[in-house]
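Trainee: I am new to this structure and would like to go through it with you. Could we look at it together?

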Amino acid sequence: MLTEIRIAGFGGQGVILATHILGRAASVHEGRFATMTQSYGPEARGGAASASLIVSDEPILFPYVTHPDILVVMSQEAYTRFTPEARPGGFLLVEEDLVRLDRKAQGLRIYGIPATRFAEELGKKMVLNVIMTGFLCAITGAISIEAARRSVADSVPARFRDLNLQAFDKGVQYGQELLVRGPQVLENSEELVLEGDV
Amino acid sequence: MTHADPRCVLTGTHFINGDAACCEGALAAGARFAAGYPITPSTEIVERFAARAPEVGGLFIQMEDEIASSIAIQGMVWAGQKAFTVTSGPGFSLMMEHIGFAAMTETPVVFVDVQRGGPSTGLPTLPSQGDMMQARFGSHGDYAIIALSPNSPQECFDLTVKAFNLAEEFRVPVMLMMDECVGHMTERVVIPPAEQIPVYPRRHTKKPPGEFRLFEPGEDLVPDMAHAGEGYKVYVTGLTHDERGYPSLSPAAQKKLVFRLFEKIRRAADRLVMVESDQLEGAEVVVVSYGITSRVALRAVQMARAKGIRVGTLRLICVWPFPEKLIRELAPKVKALVMPELNMGQVVLELERCAGGQCRVISVPHAGGTVHDPAEILAAIERGAQ
């Protein structure tokens, strides 16, 4: 089983760390194989930042993600740029306050989360990426919640550990609630207003 | 062989990129000095070394350029430490003069080249394997070197240790030919306990200063070493020299020295072969590759096998010296050798030479900037099987 994951947003949202946490969880804590790559081009500065991760039970040969099974987008630009590459029927996880969906998202299993708002409620906007990792684990099951939680704990500075674990748990909890309701699937309408949106 | 100093070894299971793993390999191998002029995509190696080295009494100096970096490290070696520099294509070109100096003066030193697209400044953040011939032949004059090619962050660690050990054993500059893809790729890297990491110590002479000649070869054609400031006569010159190290500008001295510089590597060539092979027995086509390309090639091989083609793989971990004997034995047994490289066809020239017309040799060139589409390699395998 091989899963391609891409996490994208804008610089400063912590997409690299989020991807690193998941990769570390899979390879160090689950003992599976994980290969992470990231975009180093000039476009990584200020604009769309993205990182990619392949998780597999077998050694990974081809290093790059081509059609992600799981696409996480945390900015409109990232959504616009990367959604066309998503594998049909794959997961599209969106920061729902920052992304407006259109027909590009058709055929994907969409789950939205107001991660930035949740992060602000926890007192630090920075942890939105960790909320997203918890959300991803809960929704997709690609990486176990247990392994990812351990990876969060050993990836962040000690003084922010509790905060980050709270953030992770928040993402997991919201994901599990949403999972019960099932994905939003965008059929013919041009736009979709996700539940929770005003 | 001794083993690594536990203070410098980050034993454990990590999720780090190839550049970081290379730095940890250098520290484990005993490197205590790096000089460099940081350049993408190699920067992270010395960035990490600059942070880590002081913890173990080491030092990084950011030099004014690559020319200075490539000679500063050699000064440090002759002062008694293990040293290396890291660069990418444009800097590697500038280092050529001093790679020749290291070969001529038999200075054990490691050059890490994290290859990016070229020529010139090319593609700073994207991979290539375009410096493979330059690694072998880039400096003027005739000399031999050793070049290793890792295909994962784990191997960036393992082969960096190996590079230092080979440099010490053979007293040659050793090239670690990484590429942007393995350098920036993050994967699991297991760093063993220090006592499981063999380290080749400096071949320091046991003779007293009066009896020691700086370039007098041992039985393996490699001379023992003494450092400046220890009371020995340490005369190190790029000029053709005699066994004392003094300039000796005659055809006879030139012949003696240059033949030995070649012969010490050639004689050990069988021992230096480092390959990984699979299903060579009965193969109609063998895909020969190295570095990141070997992983992409393996995907193509799986696709070809699924189509019923008998395909073997041969991965060169040590590219220079080239496994000549192995290829001479393999070529008559197969229909074709297929060699994908992230360059316009470099090492394939050596493959073709060694195959000696005994089978078809099919190059799968690539201009660099990304890795091959496995379908391109598959097409070459299918052509070779016809």
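Trainee: Which residues are linked in a network of salt bridges?

Mentor: The network joins B:Glu24, B:Arg48, B:Arg52 and B:Glu55. A salt bridge here is a side-chain nitrogen of Lys or Arg within 4 Å of a carboxyl oxygen of Asp or Glu. Please note that this is a predicted model, in which local features need pLDDT of at least 70 and side-chain atom pairs count only at pLDDT 80 or more, while totals for chains, interfaces and linings use all residues. Residues are numbered from 1 along each chain as its sequence is written, chains are lettered from A and ligands numbered from 1 in the order in which they are written, and side-chain values use heavy atoms, with hydrogens and water left out.

Trainee: Within that network, how far apart are the closest N and O atoms of B:Arg48 and B:Glu24?

Mentor: They are 2.8 Å apart in the salt bridge between B:Arg48 and B:Glu24. This pair links distant parts of the chain, with B:Arg48 in helix α2 (residues 43-52) of chain B and B:Glu24 in helix α1 (residues 18-29) of chain B, 24 residues apart. Helices (H or I, at least four residues) and strands (E, at least two) are DSSP runs, numbered from the N terminus.

Trainee: Is B:Glu24 buried or exposed?

Mentor: B:Glu24 counts as buried, at 1% relative accessibility. Its partner B:Arg48 is partly exposed, at 25%. Buried means under 20% relative accessible area, exposed over 50%, and partly exposed in between (1.4 Å probe, protein chains only).

Trainee: How many salt bridges does the structure hold over all chains?

Mentor: There are 33 over all chains. One of them is in chain A, where the side chains of A:Arg24 and A:Asp154 meet at 2.8 Å, N to O. A:Arg24 lies in helix α1 (residues 15-29) of chain A and A:Asp154 in helix α5 (residues 145-155) of chain A, so the pair ties together parts that are 130 residues apart in sequence. A:Arg24 is buried at 15% relative accessibility, whereas A:Asp154 is partly exposed at 37%.

Trainee: And what does B:Arg260 pair with?

Mentor: B:Arg260 forms a salt bridge with B:Glu106, and their closest N and O atoms are 2.6 Å apart. B:Arg260 is in helix α8 (residues 251-266) of chain B, while B:Glu106 is in the loop between α4 (89-105) and β6 (109-117) of chain B, 154 residues away. Both B:Arg260 and B:Glu106 are buried.

Trainee: Let us change topic. Which domains does chain B have?

Mentor: The domain assignment gives domain 1 (2-199) and domain 2 (276-385); such bounds come from an automatic or database domain assignment. The contact between them takes 25 residues from domain 1 of chain B and 23 residues from domain 2 of chain B, where contact means heavy atoms within 4.5 Å.

Trainee: What area is buried between domain 1 and domain 2 of chain B?

Mentor: About 1,900 Å² is buried between domain 1 of chain B and domain 2 of chain B, with carbon and sulfur atoms giving 57% of that area. Buried area is the accessible area (1.4 Å probe) that two parts lose on being put together, summed over both. On the side of domain 1 of chain B, B:Gln129, B:Met133 and B:Asn151 lose the most area to domain 2 of chain B, together 33% of what that side buries.

Trainee: How many salt bridges cross the interface of those two domains of chain B?

Mentor: The rule finds two across the interface of domain 1 and domain 2 of chain B.

Trainee: How about the two chains: what area do chain B and chain A bury between them?

Mentor: Chain B and chain A bury about 1,800 Å², 58% of it on carbon and sulfur atoms. In chain B, the residues that lose the most area to chain A are B:Phe15, B:Arg188 and B:Arg295, together 38% of what that side buries. Zero salt bridges are found across this interface of chain B and chain A.

Trainee: One last topic, the helices. How many residues of α6(B) are buried?

Mentor: In α6(B), 15 of the 18 residues are buried, so this helix is largely enclosed by the rest of the structure. Just after α6(B), B:Arg171 takes a positive phi of about 50 degrees. In chain A, α4(A) is mostly covered, with 13 of its 13 residues buried. A:Gly141 follows α4(A) and has a positive phi, near 65 degrees.
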